[in-house]
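Dear colleague,

Please find below the structure that I am handing over to you, together with its sequence. My findings follow directly after it.

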Amino acid sequence: MINLDQLRIFQAVSETRSFTRAAEVVHLTQPGISKHIKQMEEYYGVPLFDRLGKKVALTQAGEILAEATLDVIASVTAAEQKIDELKGLRGGKLVVGASFPLGIYLLPGIVAAFRKRYPTVEVMVDISLSAKVIAKVLANKLELGLVSQETHDPRLRVRQFMTDELIVIVPRDHRWANRKRVRPQELRKETVIVAARGAGTRAVVEERLNEKGIVLTNVVDFGNMEGAKRAVEAGLGVSIQAKGVVEREIAERSLIGISLAGLDTRLGRFYICRKDKHLSSAARTFLALLQNHARNPG
């Protein structure tokens, strides 16, 4: 009979398309992986993979088994999460994804508070672009996601837990440095530093500028908001960022923050999870800490 460990090995091979990479995922040797797959193929009486040099591809039978394996492992994982709840947060793990602004500036304090109360719960944090966090939550690779843009996917539960403000940041010697506010139309004449596509803040800014009929043409992509901040400090251009991620630089006068007039500058911060997923006790407790911090940031 096929057991759960073999199904997990099969899933690792089907996802990585490689016996070698699958061995790294499940912490076995490559010959051990090959042995288990051979036993499964002998049991079913058909090949599950086509061997294509160092890579493998699912056969038609393999595709059928791969689809069923996802359902089986998802069911077992759900059962394990419910069992963990019986332990009163004395074990288990919490996997959280976050966009760069939230992962760098908000999560450390929340995770520290959570770990102080529940030191035996393993916490894993995945910091990425909002679009990638959303995709990983949908793929059931993350239990919770914290993102900088609202998503309307019907498979997701989306809740806003705090609000930030969009502002323009400029270097200290910029001609706008003494201004209290600028209008979005004025950005057309500037080099605007942005994060990579898929970043939540960039998506919100572009959407709201487009609503005003403003398309920025002189744009420099600097990967993420930390790169964007350093580029502005160096005098490469200006940028629109969440106030919460530039507070230190503004206080130290390495950057100047200016209000945006004539544009909706509210920037929501959202947590997301699958509607059909049973949230673990650890996840619910973490969300309570997150919401309490949002209400009482001090």
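Two residues are said to be in contact when they have heavy atoms within 4.5 Å of each other. With that meaning, and with residues up to four places away in sequence left out of the count, V170 touches W176, A177, V232, V238, L255, I256 and I258. Please note that the model is predicted.

Overall composition

The chain contains eleven helices and twelve strands. Its C-alpha atoms fill a box of roughly 75 × 45 × 35 Å along the principal axes. Of its 298 residues, 45% count as buried. Among the contacts between residues at least 6 apart in sequence, 75% join residues that are at least 24 apart.

V170 and its strand

V170 belongs to strand β6. Because its relative accessibility is 0%, V170 counts as buried, the limit being under 20%. One of the residues that V170 touches, I256, is also its bridge partner in β11. That bridge belongs to the pairing of β6 with strand β11 (residues 256-260), which is antiparallel and has three bridges. β11 is also joined to strand β7 (residues 181-182), here by two bridges and in the parallel sense. In this second pairing, V182 stands opposite L260 of β11. As for distance, V170 and A98 are separated by 72 residues in sequence and by 26 Å in space, from C-alpha to C-alpha.

Helix α9

Which residues of helix α9 (residues 225-233) are buried? They are M225, G227, A228, K229, A231 and V232. V232 is also among the residues touched by V170. The buried residues of α9 pack against two helices and three strands, namely α5 (100-105) and α10 (247-251) on the one hand, and β6 (156-170), β8 (192-194) and β10 (239-242) on the other. After α9 comes G235, which has a positive phi, near 90°.

Strand β3 and its neighbours

Strand β3 (residues 93-99) is largely enclosed by the rest of the structure, because six of its seven residues are buried. β3 pairs with strand β4 (residues 122-128) in the parallel sense, over seven bridges. In this pairing, K93 has E122 of β4 as its bridge partner. β3 also pairs with strand β5 (residues 144-147), again in the parallel sense, over three bridges. Here V96 stands opposite L144 of β5. As a general point, the side chains in a regular strand alternate between the two faces of the sheet.

Helix packing

Two packed helices are described by the angle between their axes and the distance between the axes. Two such pairs are reported here.

The first pair is helix α6 (residues 107-117) with helix α11 (residues 281-295), which pack at an angle of about 130° with their axes 10 Å apart. This angle makes α6 oblique to α11. Their crossing is right-handed. On the α6 side, the contact involves L107, I110, V111, A113, F114 and R117, which meet A282, T285, F286, L289, L290 and H293 of α11. By class, this contact has nine nonpolar residues, two polar ones and one charged one.

The second pair is helix α2 (residues 19-26) with helix α3 (residues 30-44), whose axes come within 8 Å and cross at roughly 100°. α2 and α3 are therefore roughly perpendicular to each other. F19, T20, A22, A23 and V26 of α2 meet Q30, I33, S34 and I37 of α3. The class count for this contact is six nonpolar, three polar and no charged residues.

T16 in helix α1

Is T16 buried or exposed? T16 has a relative accessible area of 17%, and therefore counts as buried, since the limit is under 20%. T16 lies in helix α1 (residues 4-16). With residues up to four places away in sequence left out, T16 touches R21, A22 and V25. Of these, A22 is also one of the α2 residues that meet α3.

Yours sincerely

Key
Residues are numbered from 1 along each chain as its sequence is written. This is a predicted model: local features need pLDDT of at least 70, side-chain atom pairs count only at pLDDT 80 or more; totals for chains, interfaces and linings use all residues. Side-chain values use heavy atoms; hydrogens and water are left out. Buried means under 20% relative accessible area, exposed over 50%, partly exposed in between (1.4 Å probe, protein chains only). Helices (H or I, at least four residues) and strands (E, at least two) are DSSP runs, numbered from the N terminus. Two strands pair if DSSP finds at least two bridges between them. Axes are lines fitted to C-alpha atoms, for helices over the stretch in contact, and angles run from 0 to 180 degrees between N-to-C directions. Angles under 35 degrees count as roughly parallel, over 145 as roughly antiparallel, 65 to 115 as roughly perpendicular and the rest as oblique. A crossing is left-handed if the near helix is turned anticlockwise from the far one by less than a right angle, and right-handed if clockwise. Ala, Val, Leu, Ile, Met, Phe, Trp, Tyr, Cys and Pro count as nonpolar, Asp, Glu, Lys and Arg as charged, and the others, Gly among them, as polar.
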